[in-house]
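Q: I should like to learn how to read the features of a structural model, one at a time. Might we work through an example together?

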Amino acid sequence: MERQTQAPKVVINASVFLTAVLIDEPADARHGAHRLLQDVIAQQADAFVPDRFEDEVLGGLVEAVTKGRPILATPAAIFSALQRFMEVVTIHHRNINWRAEEVFQAALSWRVSYYDALYLVIAQKVGATYWTVDRKLLRFLRQHRFPDLPALDWIGDYR
Amino acid sequence: MAKSKWEPQPDDKELLAELDRRLASLQEGKGDWSEFWRWWDATFGIKGKGILRDFLRQKELARGWNAKRKRPKSS
């Protein structure tokens with residue numbers, strides 16, 4: 001088998017980061033999230049996220065610590081811990097790497113939310129695979145077979 | 001003293017320093033990721049069922065897939 005010389009490009013949805021701390025979520029999704037994050041840390045994957053990613057993770061974390069129970073660290077420490085992983089991803093910024101108009105058009109064309117489209121547009125631009133926990137979104141996009149969609153996959157199937 | 005669920009605690013600093021040590025070691029190719037994730041769960045994990053499902057449900061609503069269209073009234 002030929003050895004891969006270039007690290008694969010990945011776009012990571014905020015749900016993948018959240019899965020890494022939500023210990024009661026299904027093991028297959030959690031293991032996939034762990035494998036992806038360790039590849040990012042070990043520079044075996046080039047990760048890209050939109051500039052709203054951190055806000056989205058924070059929003060999910062507020063929800064998680066309100067509904068759930070942190071095991072040991074405080075919510076502030078959990079967020080700081082997740083930031084260690086965010087430090088090694090490439091952030092794509094509005095008006096620099098992506099424009100609102102193109103995301104808006106993509107959302108209408110693919111019939112997804114504006115924020116789904118944002119991740120997908122970035123994946124399309126950099127030639128990355130979009131990784132998410134959201135099986136419903138994947139099922140919808142696969143059923144419709146939009147010709148210009150980037151590669152996308154469920155996090156439980158990562159490597 | 002009871003530990004507040006919300007306020008940053010002095011222990012947090014130590015936990016994050018330990019995290020940095022472990023990540024630096026793994027980046028150098030030392031250490032075991034399985035052991036790291038066990039420690040991660042015991043340290044930074046959040047218990048609770050259905051949290052991710054609720055998070056994803058909000059996103060689903062933003063797609064408007066469930067919106068029902070009103071039929072125009074026939075004259």
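**Reading helices and a chain contact**

A: Let us begin at the end of a helix: H5(A) is followed by A:Arg111, whose phi is positive, near 60 degrees. Please bear in mind throughout that the model is predicted.

Q: Which residues of H5(A), residues 100-110 of chain A, are buried?

A: The general idea comes first: an α-helix has 3.6 residues a turn, so residues three or four places apart point the same way. In H5(A), the buried residues are A:Val103, A:Ala106 and A:Ala107. These residues lie on the same side of H5(A) because they cover an arc of only 100 degrees around the axis. On the other side of H5(A), the residues A:Glu101, A:Leu108 and A:Ser109 are exposed.

Q: Against which helix do the buried residues of H5(A) pack?

A: They pack against helix H6, residues 114-126 of chain A.

Q: How is the span of H3(A) read against the span expected at 1.5 Å a residue?

A: One compares the distance between the end C-alpha atoms with the expected value. The 15 residues of H3(A) should span 21 Å, and the end C-alpha atoms are 21 Å apart, so the two agree.

Q: Which residues of H3(A) are buried, and which are exposed on the other side?

A: A:Phe53, A:Glu56, A:Val57, A:Gly60, A:Leu61, A:Ala64 and A:Val65 are buried. Their arc around the axis is only 160 degrees, which puts them on the same side of H3(A). On the other side, A:Asp55, A:Val62 and A:Thr66 are exposed. The packing partners of the buried residues come from both chains: H1, strand E2 (46-50), E3 and helix H4 (75-86) of chain A, together with E1 and H3 of chain B.

Q: What pattern does chain B follow along the sequence?

A: Chain B reads α-α-β-α, with 3 helices and 1 strand. Of its 75 residues, 16% are buried.

Q: Where are the buried and exposed residues of H3(B)?

A: H3(B) has 13 residues and reaches 19 Å from its first C-alpha to its last, close to the 18 Å expected at 1.5 Å a residue. B:Ile51, B:Leu52, B:Phe55 and B:Lys59 are buried. They share one side of H3(B) because they cover an arc of only 105 degrees around the axis. The face turned away from that buried side carries the exposed residues B:Arg53, B:Arg57 and B:Leu61. Helix H1 (14-19) and helix H3 (53-67) of chain A are included in what covers the buried residues of H3(B). Just after H3(B), B:Gly64 takes a positive phi of about 70 degrees.

Q: How many residues does each chain bring to the contact?

A: Chain B brings 31 residues and chain A brings 38 residues. On the side of chain B that touches chain A, H3(B) gives the largest share, 9 residues. By class, that side has 17 nonpolar, 5 polar and 9 charged residues.

Q: Which strands are joined by bridges between the chains?

A: Strand E3 of chain A, residues 69-70, is joined to E1(B) by 2 bridges, and the strands run antiparallel. A:Pro70 stands opposite B:Ile46 in E1(B).

Q: Why does A:Gln38 count as partly exposed?

A: The class rests on a count of neighbours: a residue is buried at 20 or more and exposed at 12 or fewer. A:Gln38 has 19 C-beta neighbours inside 10 Å and therefore counts as partly exposed. A:Gln38 is found in helix H2 of chain A, residues 27-41.

Methods
Residues numbered from 1 in each chain as written. Chains lettered and ligands numbered in written order. Predicted model: local features only at pLDDT ≥ 70, side-chain atom pairs only at ≥ 80, totals over all residues. Contact = placed C-beta atoms within 7 Å. Helix = DSSP H or I, 4+ residues; strand = E, 2+ residues; numbered from the N terminus. Nonpolar A, V, L, I, M, F, W, Y, C, P; charged D, E, K, R; others polar. Pairing = 2+ DSSP bridges. Arc of directions from axis to C-beta. Expected span 1.5 Å × (residues − 1).
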